[in-house]
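Q: I've got a model to go through and I'd like it in plain words. Please start with whatever vocabulary I need.

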Amino acid sequence: MQDHQFMTHALALGRRNQGQCWPNPAVGCVIVKEGRVVGRGWTAIGGRPHAEAQALKRAGALAAGATAFVTLEPCAHQGQTGPCCDALIAAKVARVVIGAADPDPRVAGRGVAALKAAGIEVIEGVEVEAAAWDHAGFFNRILLNRPHIALKMAASFDGKSAMENGESQWITGPLARRWVHGMRARYDAVLVGGGTVRRDNPNLTVRDIGIERQPVRVVVSNGADLPETHHLAQTAKSVPVWICHGPQADKARLRAWQKLGAVLIECAADKNNLDLKDVAQRLAQKGLTRVFCEGGGALAAALLNADLVDELIGVTAGLVLGARAQPVIGDLPINHLKEAKRFVAHKAQALGPDLLQIWRRC
């Protein structure tokens, strides 16, 4: 039972820098000796130093003979720093407890093998489901060549995101909106469609919660026909803006956005729409592991149709807007219930007067 408790602690530590250490995984590590925590660490902002290195530094000489609880298999390859499994061996820990195995081909069991070869006892799979979910973005990038994508929707009780005339501020209350800022901070990027940028002129930044490092703001727009006077354009040099566009986007418009500070990512497209699977792959190739999509309805429907959504996050307000109001999800090309992708309920809780629901991919 103690192994599970200490691993839960390590998982909580790892979540501290989710969204701030990509392309590296957000790992947590706890060093325990004689039932007492003597060292703690989590992947630093920017991805270095690793969790194990920080925990071992804090533990010092007390690491000898101790147990290290690590949420992901310790790395076994030389990167900007030495392998974490070598650091654990050098510190003379007696035991290593691991949450999830690392699928990266440079590790993939080599970390465990190195520890065992050094005479260290290794226990694997403790709190493995929680660890795998925490590292789902990293796993997706390694195994599927795309980031983990969470689709967030704020809607009325009857599933509407705006009035017929487009009025939408505010459907949900202040506590729910503050919670969304906290969620943005835990993702590498915030994703929206070009229609949302044109219509709502969003900032897409994390505000009022004491977070300095901002997520990348990604806009999906086939023609890159985005207003150069809006907030994203005004702040692109200080907070990253990536524009995913098609091959036929106007070159002068692209040059203008590049001059404003945006990163341009050309993606495959047909005449009307970007290939979202190609978009996801290109984002992964640039290092993103966790993406928080905030709409709009057409992009949400397209992501669902492309089977790219890993998590549904809904905030429902206790008001009804009626049939003429705009639906939170655009049209989907399905005709039967069996064609709809099902998700599994994970969490529900009140956020002030509103209701939060989180659903995960089966």
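A: Helices (H or I, at least four residues) and strands (E, at least two) are DSSP runs, numbered from the N terminus.

Q: OK. And what kind of model is it?
A: A predicted one: local features need pLDDT of at least 70, side-chain atom pairs count only at pLDDT 80 or more, and totals for chains, interfaces and linings use all residues. Residues are numbered from 1 along each chain as its sequence is written, and side-chain values use heavy atoms, with hydrogens and water left out.

Q: Let's take β10. How many of its residues are buried?
A: Five of five, so "mostly covered" fits strand β10, residues 241–245. Buried means under 20% relative accessible area, exposed over 50%, and partly exposed in between (1.4 Å probe, protein chains only).

Q: Which residues sit on which side of β10?
A: V241, I243 and H245 are on one side, and W242 and C244 are on the other. Both faces of β10 are covered, since every one of these residues is buried. In a regular strand the side chains alternate between the two faces of the sheet.

Q: Which strands does β10 pair with?
A: Strand β9, residues 216–220, pairs with β10 in the parallel sense over four bridges. Strand β11, residues 263–266, also runs parallel to β10 and is joined to it by four bridges. Two strands are said to pair if DSSP finds at least two bridges between them.

Q: Give me some actual residues. What is the partner of V219 in β10?
A: I243 is the bridge partner of V219. I243 has a bridge partner in β11 as well, namely L264. W242 in turn stands opposite V263 of β11.

Q: What sheet do these strands belong to, and is the sheet open or closed?
A: An open one, made of nine strands with mixed pairing. The order is β11-β10-β9-β8-β12-β6-β13-β16-β15.

Q: Which strands are at the edges?
A: β11 and β15, the second of which covers 343–351. Each of these edge strands pairs on one side only.

Q: Switching to β3. Is that one covered or open?
A: Mostly covered: strand β3 spans residues 67–72, and six of its six residues are buried.

Q: And its pairing: parallel or antiparallel?
A: That depends on the neighbour. Strand β1, residues 28–33, pairs with β3 in the antiparallel sense over four bridges. Strand β4, residues 95–100, pairs with β3 in the parallel sense over five bridges.

Q: Which residues should I click on to see that?
A: For β1 and β3, take I31, whose bridge partner in β3 is A68. For β3 and β4, take F69, which stands opposite V97.

Q: New topic, holes. How many cavities are there?
A: Two of 30 Å³ or more. On a 1 Å grid over the protein atoms alone, a cavity is a set of points where a 1.4 Å probe fits but cannot get out, and lining residues have an atom within 4 Å of a point.

Q: What volume does the largest cavity have?
A: About 80 Å³. Grid points are joined across faces, edges and corners, and a volume is the space filled by probe spheres set on the points.

Q: What lines the largest cavity?
A: There are 14 lining residues, and N24, P25, A26, T289 and R290 are the closest to its centre. By class they divide into five nonpolar, six polar and three charged. Ala, Val, Leu, Ile, Met, Phe, Trp, Tyr, Cys and Pro count as nonpolar, Asp, Glu, Lys and Arg as charged, and the others, Gly among them, as polar.

Q: And what about the second largest cavity: what is its volume, and which classes line it?
A: The second largest cavity holds about 60 Å³ of space. Its lining has 11 nonpolar residues, no polar ones and no charged ones.

Q: Which residues are those?
A: P147, I149, L191, V220, L276, V279, A280, L283, V291, L303 and L308.

Q: Which element gives the most to that lining?
A: Helix α11, residues 276–285, with four residues.

Q: Last one: D208. Where is it, and is it buried or exposed?
A: D208 lies in the loop between α8, which covers 194–200, and β9. D208 counts as exposed because its relative accessible area is 67%.

Q: How far is D208 from V220?
A: The two are 12 residues apart in sequence and 27 Å apart in space, taken C-alpha to C-alpha. V220 is also one of the residues lining the second largest cavity.

Terms used
1 Å grid on protein atoms, 1.4 Å probe; cavity = no way out; pocket = protein on both sides within 12 Å on 5 of 7 lines; lining within 4 Å.
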